[in-house]
Amino acid sequence: MINMLQTWIKNIRSNDANKVADLYHKEGLLLGTFSNIERKGQSLILDYFNNLLKSHVDVEIITKHEYKSESIATSSGLYNFIVNGRKIEARFSFVFIKTKKKWEILSHHSSVLPEKI
């Protein structure tokens, strides 16, 4: 498996919403950090990244926990979004599926890290 998480970050850094959305399965689900709706399917996912990438965005991985089998893989942990120079601490989970052609993102959840109690 190509390191899909690193590919996703590289495509975020390219500031090209199409490159990012192309990583998602046609029936992929995105529960994005900066949206209050479920984004199922590439057109809604593309819309999300078109809006997000109007800003300068970078991602830095803090922790990651990965699992891989022949046809499915997961990556979960903590990352920081840097949006126009402002750091946003978040958590993530990706589910990747191997299709006939390539690995794709089937499900992606990301949310702002809650404040410590």
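**A tour from the first helix to the core**

Begin by selecting α1, where M4, L5, T7, W8, I9, N11 and I12 are buried. Keep in mind as you look around that this is a predicted model. How many residues of α1 are buried? Seven of its ten are, so "mostly covered" is a fair description of this helix, with buried meaning under 20% relative accessible area.

Now visit the two ends of the helix. At the N-terminal end, select N3, which acts as a cap: one of its side-chain oxygens lies 3.3 Å from the backbone nitrogen of L5. After α1 comes N15, and its phi is positive, near 65°.

Next, show the strands. What is their order in the sheet? Reading across, you will find β2-β1-β6-β5-β4-β3, an open sheet of six strands with mixed pairing. β2 and β3 are the edge strands, each pairing on one side only. Then pick out β4 and β5, which run antiparallel and are joined by twelve bridges. For a spot to zoom in on, select G77 and you will see F92 of β5 standing opposite.

With the sheet still on screen, bring the helices back. α1 lies across β1, β3, β4, β5 and β6, and it runs at about 165° to β3. α3 packs on the sheet as well, touching β1, β2 and β3, and its direction makes about 55° with that of β1.

Stay with α3 and select its buried residues: I45, Y48, F49 and L52. Why do they sit on the same side of α3? Because they cover an arc of only 90° around the axis. Their cover includes α1, α2, β1, β2 (39-40) and β3.

For the last stop, select W8 in α1. Which residues does W8 touch, leaving out those up to four places away in sequence? They are V20, L23, Y24, F49, V59, Y79, F81, F94, I105 and H108. Now colour W8, I12, Y24, F49, F81, F94 and I105: in the largest nonpolar core, which has 29 residues, these touch the most other members. Many parts of the chain feed this core, with at least two residues coming from each of α1 (4-13), α2 (17-21), β1 (24-31), α3 (42-52), β3 (57-68), β4 (72-83), β5 (86-98) and β6 (103-112).

Note on methods
Residues numbered from 1 in each chain as written. Predicted model: local features only at pLDDT ≥ 70, side-chain atom pairs only at ≥ 80, totals over all residues. Heavy atoms only, no water. Core = buried A, V, L, I, M, F, W, Y, C linked by side-chain atoms within 4.5 Å. Buried < 20%, exposed > 50% of the residue type's maximum accessible area, 1.4 Å probe, protein only. Helix = DSSP H or I, 4+ residues; strand = E, 2+ residues; numbered from the N terminus. Contact = heavy atoms within 4.5 Å. Arc of directions from axis to C-beta. Pairing = 2+ DSSP bridges. Axes fitted to C-alpha atoms, helices over the stretch in contact; angles between N-to-C directions. Polar contact = N/O pair within 3.5 Å; in protein donor to acceptor, adjacent residues only side chain to side chain.
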